[in-house]
Amino acid sequence: MPINEKEFNGNLFDQLTLLERLEIEAQKDNAENVLRQIAFEKKAINRKLY
């Protein structure tokens, strides 16, 4: 069943929240490769939002 735009945006915001939590942990470990991938994924999600 297709979801409406509000639900879709809510899912994207949930994904951004998860990425932000992962980013905090990656920063603690200075995991540069992971931080670059997180930045890429955040950009991709933001393109879908706006």
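Start with helix α2 and select Leu-35, Ile-38, Ala-44, Ile-45 and Leu-49: these residues are buried. Keep in mind that you are looking at a predicted model. Now show α1, residues 5–28, as well. The buried residues of α2 pack against α1.

**The length of α2**

Select residues 32–49, the whole of helix α2. Pick its two end C-alpha atoms and read the distance: they are 26 Å apart. Why does that fit a helix of 18 residues? At 1.5 Å a residue, the expected span is 26 Å, so the two values agree.

**The core**

Next, select Leu-12, Leu-16, Leu-19, Ala-26, Leu-35, Ile-38, Ile-45 and Leu-49. These eight residues make up the largest nonpolar core. Each of the helices α1 and α2 supplies at least two residues of this core.

Zoom in on Ile-38. Which residues does Ile-38 touch, leaving aside those up to four places away in sequence? They are Leu-19, Leu-22, Glu-23 and Ala-26.

**The salt bridges**

Stay with Glu-23 and add Lys-42. The two form a salt bridge, with their closest N and O atoms 3.0 Å apart. This pair links distant parts of the chain: Glu-23 sits in helix α1, Lys-42 sits in helix α2, and 19 residues separate them. Switch on the surface at Glu-23. Glu-23 is partly exposed, at 22% relative accessible area.

How many salt bridges does a search of the whole structure find? It finds two. For the other pair, select Glu-25 and Lys-28, whose closest N and O atoms are 3.1 Å apart. Both belong to helix α1, and they are three residues apart, which means about one helical turn lies between them.

Compare how far these two side chains are covered. Is Lys-28 buried or exposed? Lys-28 is exposed, because its relative accessible area is 60% and the cut-off for exposed is over 50%. Glu-25 is partly exposed, at 41%.

**The whole protein**

Zoom out. The protein has two helices and zero strands. Its radius of gyration is 13 Å, well over the 10 Å that the globule rule gives for 50 residues, so the protein is more spread out than a compact globule. Turn the C-alpha trace to view it along each principal axis: it spans about 40 × 15 × 15 Å.

Finish with the full surface. The accessible area comes to about 4300 Å², and carbon and sulfur atoms hold 54% of it. Of the 50 residues, 20% count as buried.

Definitions and conventions:
Residues are numbered from 1 along each chain as its sequence is written. This is a predicted model: local features need pLDDT of at least 70, side-chain atom pairs count only at pLDDT 80 or more; totals for chains, interfaces and linings use all residues. Side-chain values use heavy atoms; hydrogens and water are left out. Helices (H or I, at least four residues) and strands (E, at least two) are DSSP runs, numbered from the N terminus. The expected span of a helix is 1.5 Å times one less than its number of residues. Buried means under 20% relative accessible area, exposed over 50%, partly exposed in between (1.4 Å probe, protein chains only). Contact means heavy atoms within 4.5 Å. A nonpolar core is a set of buried Ala, Val, Leu, Ile, Met, Phe, Trp, Tyr and Cys residues joined through side-chain atoms within 4.5 Å. A salt bridge is a side-chain nitrogen of Lys or Arg within 4 Å of a carboxyl oxygen of Asp or Glu. The radius of gyration is taken over C-alpha atoms; the globule rule is 2.2 Å times the number of residues to the power 0.38. Accessible areas come from the Shrake-Rupley method with a 1.4 Å probe; for residues, only the protein chains shown count as cover.
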